[in-house]
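Work through the exercises below with the model open beside you. Each task is followed by a stepwise solution.

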Amino acid sequence: MSFKIDRGLFRYDFIDHHAVLCVPVDADVKDIRKRYLQIARRLHPDSIITGSSEQKQLGNELLSKLVNPAYEKLANERTRTEYILILSQMGKRLVQESTSVTLNTELGRQLAAAANIDHSYKSAIAKLAQTQYDSLEQALQIIAQISELNLVYLMRSAAKTSAASSATAQPKVNSGTPKPDTAKQASSAPPAPAKEDSVVEQYVRRAQSLIDKNQFAQAKVELQEALKLEPKNSHCHSLIGMVYLKQNQLKMAKIHFENALKLDPNDQIALQWKPKIDKVLGQQPTDHKVTSSPNNGDKQPDKSGNGGLFGGLFGGKKK
């Protein structure tokens, strides 16, 4: 049995795994796993005690062909990061093609006009999750409806970012020759921020907020987008290094901390954490400071009292 859905994000040759599990597009791994277990218990053939053999077969196929692949994609750190990045790009694409986007459900149209998009979106998703797989015959229609909500949310989020950056990107131009006093004011006025700078700042703010909530995969996507615009932004490198550190990807963290120090030898985050990573990896610290001479002498012993990862980085006696 094949399952075909042609609404929402599915219309764009995209498998909307968030819609299959009925979780928001910014859901973290803990919530994704919790939701998956709820659905798996509902669809497993042993759980459909009073159902017919056809019901059990349908439940099993929904589980094996839609639900399990969705969970595998979103539970894996690497594939989820890549997937979220694609979602971000789709949001931008939807904004550009907004005139051709058609909403088929009243719920989708209501969300498109909602004043508080975040609250309305997550409330609608939570409500649909309560009955998503109650009727297995209606499950595909509900997944399509959820995917339409995801489409609207991505499109409005991307439009909000685009509008905010456009509002600060272009300075106002006065026609004609200004009077002496207005000319003086114009010359002393601060220059309008560059478009790239304003967008990068927004990415960084969102990433910092996600880091504070321990939503590291989403934070990494925001910072990767920022680094595409400003590859030489030391703060972005140090923040994404911190994200990799929290995910125990020490080699990747080390690379970004090194990049941060090359760009800004006084970057405090990189200065604090790179030497600790070097100790855990058993490597000589690399000195990127411009003001001090390289030190390739003996490596300092690990005083943490614990040779493990968390002992090396976060344990030990505080000085």
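Helices here are DSSP runs of H or I with at least four residues, numbered from the N terminus. By that count, Asp13 is found in the segment before α1. The model is a predicted one.

**Exercise 1. Take stock of the fold.**

Task: State how many helices and strands the chain has, and what percentage of its residues count as buried.

Solution.
1. Count the elements. The chain has 14 helices and 0 strands.
2. Read along the sequence. The pattern is α-α-α-α-α-α-α-α-α-α-α-α-α-α.
3. Apply the burial cut-off, under 20% relative accessible area. Of the 319 residues, 41% count as buried.
4. Check the contact range. Take contacts between residues at least 6 apart in sequence: 67% of them join residues at least 24 apart.

**Exercise 2. Classify a helix pair.**

Task: Decide how α2 and α3 are oriented, parallel or antiparallel, and list the residues in contact.

Solution.
1. Locate the helices. Helix α2 covers residues 29–43, and helix α3 covers residues 53–75.
2. Get the geometry. Their axes come within 10 Å and cross at roughly 170°.
3. Compare with the cut-off. Angles over 145 degrees count as roughly antiparallel, so α2 is roughly antiparallel to α3.
4. List the contact. Helix α2 supplies Ile32, Arg33, Tyr36, Ile39, Ala40 and Leu43. Helix α3 supplies Gly59, Asn60, Leu62, Leu63, Val67, Asn68, Tyr71 and Leu74.
5. Sort by type. The contact residues divide into 10 nonpolar, 3 polar and 1 charged.

**Exercise 3. Map the nonpolar cores.**

Task: Find which residues of the largest nonpolar core touch the most other members, and which elements give two or more residues to this core.

Solution.
1. Start with the general tendency. In soluble globular proteins, nonpolar side chains tend to be buried together.
2. Pick the hubs. The largest nonpolar core has 52 residues, and Leu62, Val67, Tyr133 and Leu151 touch the most other members.
3. Assign elements. Two or more residues come from each of α1 (17–21), α2, α3, α4 (77–96), α6 (117–129) and α7 (139–169).
4. Rank them. Helix α7 gives the largest share of this core, 11 residues.
5. Look for another core. Apart from this core lies one of 27 residues, among them Leu210, Ala219, Leu227 and Leu245.
6. Zoom in on one hub. Setting aside residues up to four places away in sequence, Leu151 touches Gly8, Leu9, Tyr12, Leu94, Val101 and Leu103.

**Exercise 4. Inspect a threonine and two cysteines.**

Task: Establish whether Thr81 is buried or exposed, then how many disulfides a search of the whole structure finds.

Solution.
1. Place Thr81. This residue is found in helix α4.
2. Read its accessibility. Thr81 has a relative accessible area of 7%, so it is buried.
3. List its contacts. Beyond neighbours within four places in sequence, Thr81 is in contact with Ala217, Lys220, Val221 and Gln224.
4. Turn to the cysteines. Cys22 is buried at 4% relative accessibility. Cys236 is buried at 0%.
5. Search for disulfides. The whole structure yields 0.

**Exercise 5. Examine positive phi.**

Task: For Asp13 and Asn248, give phi and the degree of exposure.

Solution.
1. Recall the background. Most residues other than glycine have a negative phi.
2. Take Asp13. Its phi is positive, about 55°, although Asp13 is not a glycine. With a relative accessible area of 81%, Asp13 is exposed.
3. Take Asn248. Its phi is also positive, near 65°. Asn248 lies in the loop between α11 (234–246) and α12 (250–263). At 36% relative accessibility, Asn248 counts as partly exposed.

Terms used:
Residues are numbered from 1 along each chain as its sequence is written. This is a predicted model: local features need pLDDT of at least 70, side-chain atom pairs count only at pLDDT 80 or more; totals for chains, interfaces and linings use all residues. Side-chain values use heavy atoms; hydrogens and water are left out. Axes are lines fitted to C-alpha atoms, for helices over the stretch in contact, and angles run from 0 to 180 degrees between N-to-C directions. Angles under 35 degrees count as roughly parallel, over 145 as roughly antiparallel, 65 to 115 as roughly perpendicular and the rest as oblique. Contact means heavy atoms within 4.5 Å. Ala, Val, Leu, Ile, Met, Phe, Trp, Tyr, Cys and Pro count as nonpolar, Asp, Glu, Lys and Arg as charged, and the others, Gly among them, as polar. A nonpolar core is a set of buried Ala, Val, Leu, Ile, Met, Phe, Trp, Tyr and Cys residues joined through side-chain atoms within 4.5 Å. Buried means under 20% relative accessible area, exposed over 50%, partly exposed in between (1.4 Å probe, protein chains only). A disulfide is a pair of cysteine sulfur atoms within 2.5 Å.
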